[in-house]
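Please open the model in your viewer and keep the sequence panel beside it. The tour goes from one selection to the next, with a short account of what is found at each stop.

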Amino acid sequence: MDFRTQLTAIKGVGEKTAALFAKLHITDVGGLLEHYPRGYDLMEFPVSVSGVVPEKVCAIKAAVIGNLSVKRVRSLTITTVQAGDATGLFRITFFGMPYLKSVLRPGSIHVFRGICRVAGEKSRSAAAFKMEQPGIYKPEEYANLQGTLQPRYALTAGLTNHMVAKAVRAALEDMEKEGGLREFLPEEVRSQYRLISWADALRQIHCPNDQEEAAGARRRLAFQEFLSFFLGLQRLKADNQVRKV
């Protein structure tokens, strides 16, 4: 596997998912790994519905109540469901994700993470809060993420942050196994400018342990972009001189 490998070669990425990535002009592994996060989320401890702070990102551990409602508005699929715990209820809306009907079954418990907003002048027991397009996690999955930094990507309808992060991790794992992330900067250059390796930069820009690692990854990748730009100018200059001869 290398940067030119098609996305469908990545485990878990089928034709439909690849088509969603294509809307972001991502068609190969290189495009995916260079789709850097816009920022990072610190995964906070889940709160109860009664502990929600409106207009803030929060994680709520709750059970799905009742069946999902799925309707189409033109070409868009809108899925809504109610969830809650012993302290209250809230309504969740998803766009372009009809497959959730097999995931959010009545009584199933999940952690929903996103911005919680006031839905109306109702009591908490009448679903006064709402979430749109939250992340969905199994309780044990979210427990492993608590306190970590998770990447936040630019998305398109139907493509979730979880889907992008999962594809990136799979691609990085395959590339590292197959030696597709070979270093190309001389050791003396890296030492002089205190740069981490290319493989570490790609891994840490997508999966940093802390902000310091993310900053180190950005520094290496920014240096790389500047170097590519500079070398491109030098090549253009050399080509122009050849034409003048």
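A residue is called buried when its relative accessible area is under 20%, and exposed when that value is over 50%, with partly exposed residues in between. Keep in mind throughout that this is a predicted model.

With that cut-off in hand, select strand β4, residues 88–95, where 6 of the 8 residues are buried, so that the strand counts as mostly covered under the definition just given. Now add strand β3, residues 76–85, to the selection: β3 and β4 pair in the antiparallel sense, and the pairing runs over 8 bridges. If you follow the chain from β3 to β4, you pass through a hairpin that joins them through 2 residues. To see one position of this pairing in detail, pick G84 and look across to L89 in β4, which stands opposite.

Which strand pairs with β4 in the parallel sense? Select strand β6, residues 129–132, which pairs with β4 in this way over 4 bridges. Here a good pair to display is R91 and its bridge partner in β6, K130.

Next, move to helix α6, residues 198–206, which is also mostly covered, with 7 of its 9 residues buried. Show the side chains of W198, A199, A201, L202, Q204, I205 and H206, which are the buried residues of this helix. As you turn the view, it may help to recall that an α-helix has 3.6 residues a turn, so residues three or four places apart point the same way.

The following stop is a single residue, Q150, which lies in strand β8, residues 149–152. Its side chain is joined to the side chain of T148 by a polar contact of 3.0 Å. Leaving aside residues up to four places away in sequence, Q150 touches G39, Y40, D41, M43 and L145, so select these as well.

Finally, zoom out to the whole protein chain, which has 7 helices and 8 strands. Its C-alpha atoms fill a box of roughly 80 × 40 × 35 Å, taken along the principal axes. Of its 245 residues, 38% count as buried, and the chain exposes about 14300 Å², of which carbon and sulfur atoms supply 53%. Among the contacts with a separation of 6 or more, 60% come from residues 24 or more positions apart. If you colour by charge, you will find 34 positive and 25 negative side chains, and the centres of these two sets lie 8 Å apart.

How values were computed. Residues numbered from 1 in each chain as written. Predicted model: local features only at pLDDT ≥ 70, side-chain atom pairs only at ≥ 80, totals over all residues. Heavy atoms only, no water. Buried < 20%, exposed > 50% of the residue type's maximum accessible area, 1.4 Å probe, protein only. Pairing = 2+ DSSP bridges. Contact = heavy atoms within 4.5 Å. Areas by Shrake-Rupley, 256 points an atom, 1.4 Å probe, with all protein chains shown as cover. Lys, Arg positive; Asp, Glu negative; His and termini not counted. Charge placed at Lys NZ, Arg CZ, Asp CG, Glu CD. Polar contact = N/O pair within 3.5 Å; in protein donor to acceptor, adjacent residues only side chain to side chain.
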